[in-house]
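Here are some exercises to work through with the model open beside you. Try each task on your own before reading its solution.

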Amino acid sequence: MNSVNTDDQTLLEIDDLTVAFGDGAGSVRAVENVSLSVAAGEIYALVGESGCGKSTLAYSMLQIVPQPGRIIGGDVRFRGRGMVTMSKRDLNALRSAELAMVFQGAMNAFNPVVTIGTQVDHILQAHPEVFPDPKEGRNHFEHLLELVQLPPKRIWKSFESQLSGGMKQRVAIAVALLLQPSVVILDEPTTALDVLNQRLVIDILKDLHRDLGVTIVFVTHDLAVVAEVATRVAVMYAGRLVETGTVEEIFKAERRHPYVEALINAIPSVLDVGLTVEPIGGAVPNLADLPAGCRFAPRCGLAEEICQHTEPPLLGDDGGHLVACHVVNRNAVPMEVSEA
Ligand SMILES: Nc1ncnc2c1ncn2[C@@H]1O[C@H](COP(=O)(O)OP(=O)(O)OP(=O)(O)O)[C@@H](O)[C@H]1O
């Protein structure tokens with residue numbers, strides 16, 4: 001398991017955030033009343049099955065929620081500055097200086113008709129404030145390519161079509177780091193890769209964190225990756241947070257959300273001893289037709305009467321390990337409604 005950086009300076013705060021797609025009766029809330037905070041130096045994982053709202057939450061961190069999505073409640077703060085009402089100009093400045101994203105399917109992120117080097121030069125020309133001397137910027141990019149284990153000279157002259165999927169993913173990571181952001185957000189960085197490239201990307205994320213000190217937020221459905229890379233975890237289910245805590249708290253805790261328990265049991269590689277794999281029965285509910293009460297109740301072996309009609313609050317202890325489950329929390333005292 002990984003240690004948590006003791007520098008608890010908060011960089012990114014999600015405060016009671018709600019993001020909706022569509023209007024009126026057809027509207028769904030992909031993210032609902034989510035609060036969490038990411039401290040400098042963390043590797044923060046957003047986890048959950050497909051459709052739980054992870055990507056939407058990640059996009060919210062940069063204020064790039066795609067249409068017809070919009071933030072209808074709460075705020076996102078970077079170093080204490082509210083981003084939801086920030087001017088476009090300030091947002092752009094903040095994004096290029098502090099926040100970068102590697103999108104899901106980064107393989108198609110490049111312009112196919114110009115070389116990678118030319119694309120990097122364009123970024124450097126657009127941001128002379130970061131590297132007044134473009135040579136310095138190029139040297140930095142070469143260094144980043146070395147960190148992502150790619151040959152700088154060859155990559156500089158390459159067109160996208162000359163790179164494998166795994167190489168493109170790593171070039172996309174290097175490009176995201178070009179302007180020396182404080183935080184890089186990666187959406188499913190290992191998902192589209194074969195096993196060898198997944199392994200490589202996991203190692204590279206750890207190296208980048210160690211060598212550059214960059215704060216990493218990544219979206220994944222793979223708890224095995226979380227166990228190996230992350231320091232802190234937020235687990236989402238049907239748009240809501242169901243559990244947050246350090247990696248140790250999530251994997252070792254006795255008080256754990258049944259959904260997280262099920263995710264862990266579905267992935268034997270993250271377990272200490274050889275328990276059998278148990279796929280999670282059922283599916284994430286349609287956000288337009290949510291069950292009353294706990295959203296996980298229809299799939300939950302622990303569900304009781306209260307779970308059928310009352311949404312469980314996220315409750316925690318002083319350590320910040322929070323769980324939203326009536327049954328699991330019943331005997332854990334003292335507890336208070338709290339933010340992650
Ligand atoms: N562009 C969109 N238009 C309409 N609804 C959307 C759009 N994007 C997301 N949603 C809604 O938000 C929900 C959550 O989507 P999101 O992509 O954030 O989930 P996710 O957990 O990242 O899933 P995945 O791993 O499949 O990307 C979707 O199930 C859908 O209901």
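**Exercise 1: The β4–β5 pair**

Strands β4 and β5 are joined by 2 bridges and run antiparallel to each other. Keep in mind throughout that this is a predicted model.

Task: Find the bridge partner of F78 in β5, and describe the turn between β4 and β5.

Solution:
- Step 1. Start at F78 and look across to β5, where R81 is the bridge partner.
- Step 2. Now follow the chain through the turn: β4 and β5 make a hairpin, with 2 residues between the strands.
- Step 3. Check the backbone there, and you will find that R79 in the turn has a positive phi of about 45°.

**Exercise 2: The whole sheet**

Task: Work out the order of the strands in the open sheet, and say which strands are at the edges.

Solution:
- Step 1. The open sheet has 4 strands, and reading across gives the order β2-β1-β4-β5, with antiparallel pairing.
- Step 2. The edges are β2 and β5 (81–82), each of which pairs on one side only.
- Step 3. Turn to β1 (residues 10–21) and β4 (residues 69–78): these antiparallel strands are joined by 8 bridges. Two positions help you to set the register: A20 is opposite R70 in β4, and I14 has V76 in β4 as its bridge partner.
- Step 4. Then take β1 with β2, an antiparallel pair that is also linked by 8 bridges. Here L12 has V38 in β2 as its bridge partner.
- Step 5. Finish with the connection: β1 and β2 form a hairpin with 6 residues between them, and G22 in its turn has a positive phi of about 85°.

**Exercise 3: Backbone details**

Task: Locate the cis peptide bond that involves P68, and find what is notable about the phi of N33.

Solution:
- Step 1. The cis bond joins Q67 and P68, with omega at about 0°.
- Step 2. Place P68 in the fold: this proline is in the loop between α1 and β4.
- Step 3. N33 belongs to strand β2. Its phi is near 50°, a positive value in a residue other than glycine.

**Exercise 4: α1 and the ligand**

Task: Which strands does α1 lie across, and what surrounds the ligand?

Solution:
- Step 1. Helix α1 lies across β1, β2 and β4, and runs at about 60° to β2.
- Step 2. Next, look at the ligand, which has 16 residues around it; F21, A30, S50, S55 and T56 are the closest.
- Step 3. Assign the shell to elements: β2 (28–39) and α1 (54–62) each give at least two residues. The largest share, 3 residues, comes from α1.
- Step 4. Sort the shell by class, and you get 7 nonpolar, 8 polar and 1 charged residues.

**Exercise 5: A helix pair**

Task: Describe how α6 and α7 are arranged, and which residues meet between them.

Solution:
- Step 1. Two packed helices are described by the angle and the distance between their axes.
- Step 2. For α6 (residues 165–176) and α7 (residues 195–212), the axes come within 10 Å and cross at roughly 15°.
- Step 3. Angles under 35 degrees count as roughly parallel, and α6 and α7 are therefore roughly parallel to each other.
- Step 4. Look at the handedness too: the crossing of α6 and α7 is right-handed.
- Step 5. Pick out the contact, in which G166, Q169, R170 and I173 of α6 meet N197, L200, V201 and I204 of α7. By class, this contact has 4 nonpolar, 3 polar and 1 charged residues.

Methods: Residues are numbered from 1 along each chain as its sequence is written. This is a predicted model: local features need pLDDT of at least 70, side-chain atom pairs count only at pLDDT 80 or more; totals for chains, interfaces and linings use all residues. A residue is near a molecule or strand if its C-beta atom, placed from the backbone, lies within 6 Å of it. Ala, Val, Leu, Ile, Met, Phe, Trp, Tyr, Cys and Pro count as nonpolar, Asp, Glu, Lys and Arg as charged, and the others, Gly among them, as polar. Axes are lines fitted to C-alpha atoms, for helices over the stretch in contact, and angles run from 0 to 180 degrees between N-to-C directions. Angles under 35 degrees count as roughly parallel, over 145 as roughly antiparallel, 65 to 115 as roughly perpendicular and the rest as oblique. A crossing is left-handed if the near helix is turned anticlockwise from the far one by less than a right angle, and right-handed if clockwise. Two residues are in contact if their C-beta atoms, placed from the backbone, lie within 7 Å. Two strands pair if DSSP finds at least two bridges between them.
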